[in-house]
Amino acid sequence: MKIMPYEHKVQYYETDKMGVVHHSNYIRWFEEARVDFLDKLDMSYERMEAMGVFSPVVSVECRYLGMTRFGEVVRILPRIEKFNGIRLIVTYEVRDRESGELRCTGKSSHCYLDENGKPVSLKQACPAFYEIYKEAGNVEFETF
């Protein structure tokens with residue numbers, strides 16, 4: 001299965017006085033890309049939460065490699081690096097749409113909780129989602 005990377009056009013409010021994207025916005029873009037990726041795989045957060053399973057962020061990392069400016073469009077590729085049914089690690093590449101220049105890389109870690117905030121195994125709580133997540137590590141993205 002091939003899917004398109006998530007695209008984001010930089011908004012003015014996301015930039016600082018120099019017209020460069022403020023570093024905090026990359027973390028928001030990671031979430032946007034992750035939500036979009038899961039939607040494309042038909043395993044949205046809405047569906048999972050309706051089944052009583054939540055997936056909070058446990059940690060996030062970001063490495064800035066180049067500047068992104070107002071009006072530019074970036075493509076964000078989220079990839080499942082590790083998944084065991086209890087924890088999920090997603091990596092991200094943020095690239096300029098026009099040049100393909102790598103602007104930022106990152107990683108987010110997640111766990112799964114029930115409605116009471118207790119840890120759960122996705123394999124037991126949502127077996128269908130567990131299988132989709134296992135296969136999601138093999139998803140290919142359209143090239144830049």
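Q: Which residues are buried in helix α4?
A: This is a predicted model, and in its helix α4, which runs over residues 127–136, the buried ones are F129, Y130, Y133 and A136.

Q: How do you know which side of α4 they sit on?
A: Look at the arc they cover around the axis: it is only 125°, and therefore they lie on the same side of α4. There's a general reason behind such patterns: an α-helix has 3.6 residues a turn, so residues three or four places apart point the same way.

Q: Which exposed residues does the other face of α4 carry?
A: Turned away from the buried side, you'll find A128 and E135, both exposed.

Q: What covers the buried residues of α4?
A: Quite a mix of elements. The cover includes the helices α1, α2 and α3 (122–125), along with the strands β4 (73–83) and β5 (87–96).

Q: Why is S44 called buried?
A: Its relative accessible area is 10%. Buried means under 20%, so with 10% S44 falls in that class. S44 belongs to the loop between α1 and α2. Leaving out residues up to four places away in sequence, S44 touches L38, D39 and F129. F129, you may recall, is one of the buried residues of α4.

Q: What makes D42 count as exposed?
A: D42 has a relative accessible area of 52%. The exposed class begins over 50%, so D42 is exposed. D42 is in the loop between α1 (24–40) and α2 (45–50).

Q: What is the phi of D42, and why point it out?
A: Phi of D42 is near 65°, a positive value, and D42 is not a glycine. Most residues other than glycine have a negative phi, which is why a positive one gets a mention.

Q: Why is S55 put in the buried class?
A: S55 comes out at 10% relative accessible area. Buried means under 20%, so S55 is buried. You'll find S55 in the loop between α2 and β3 (57–64). Leaving aside neighbours within four places in sequence, its contacts are Y45, H110, C111 and Y112. As for S109, it comes 54 residues away from S55 along the chain, and their C-alpha atoms are separated by 9.6 Å.

Q: Why is D114 called partly exposed?
A: D114 has 24% relative accessibility. The partly exposed class lies between the cut-offs of 20% and 50%, so D114 belongs there. D114 is part of the loop between β6 (102–111) and α3. Apart from neighbours within four places in sequence, D114 is in contact with G52, F54 and V120. Its C-alpha atom is 9.0 Å from that of S55, with the two positions 59 residues apart along the chain.

Q: How do you know whether H23 is buried, exposed or partly exposed?
A: Check its relative accessible area, which is 46%. Partly exposed covers the range between 20% and 50%, so that is the class for H23. H23 is in the loop between β2 (6–9) and α1. The C-alpha atoms of H23 and R63, 40 residues apart along the chain, have 9.6 Å between them.

Q: What makes A33 count as buried?
A: Its relative accessibility is 0%. With the buried class set at under 20%, A33 is therefore buried. A33 has its place in helix α1. Beyond neighbours within four places in sequence, A33 is in contact with Y6, I76 and P78. R87, though 54 residues away along the chain, has its C-alpha atom 19 Å from that of A33.

Q: How do you know whether the radius of gyration agrees with a compact globule?
A: A compact globule with 144 residues would have a radius of gyration near 15 Å, and the protein has 16 Å, so the two agree. The C-alpha atoms fill a box of roughly 50 × 30 × 20 Å along the principal axes.

Q: How many helices and strands does the protein have, and what share of its residues is buried?
A: It has four helices and seven strands, in the order β-β-α-α-β-β-β-β-α-α-β along the sequence. Of the 144 residues, 43% are buried. Among contacts with a separation of 6 or more, 68% are between residues 24 or more positions apart.

Q: What does the protein expose, and how far apart are the mean positions of its charges?
A: About 8100 Å² is exposed, with carbon and sulfur atoms supplying 50% of it. The mean positions of the 20 positive and 23 negative charges are 4 Å apart.

Notes:
Residues are numbered from 1 along each chain as its sequence is written. This is a predicted model: local features need pLDDT of at least 70, side-chain atom pairs count only at pLDDT 80 or more; totals for chains, interfaces and linings use all residues. Side-chain values use heavy atoms; hydrogens and water are left out. Helices (H or I, at least four residues) and strands (E, at least two) are DSSP runs, numbered from the N terminus. Buried means under 20% relative accessible area, exposed over 50%, partly exposed in between (1.4 Å probe, protein chains only). The arc is that of the directions from the helix axis to the C-beta atoms. Contact means heavy atoms within 4.5 Å. The radius of gyration is taken over C-alpha atoms; the globule rule is 2.2 Å times the number of residues to the power 0.38. Accessible areas come from the Shrake-Rupley method with a 1.4 Å probe; for residues, only the protein chains shown count as cover. Lys and Arg count as positive and Asp and Glu as negative; His and the chain ends are not counted. The place of a charge is taken as NZ of Lys, CZ of Arg, CG of Asp or CD of Glu.
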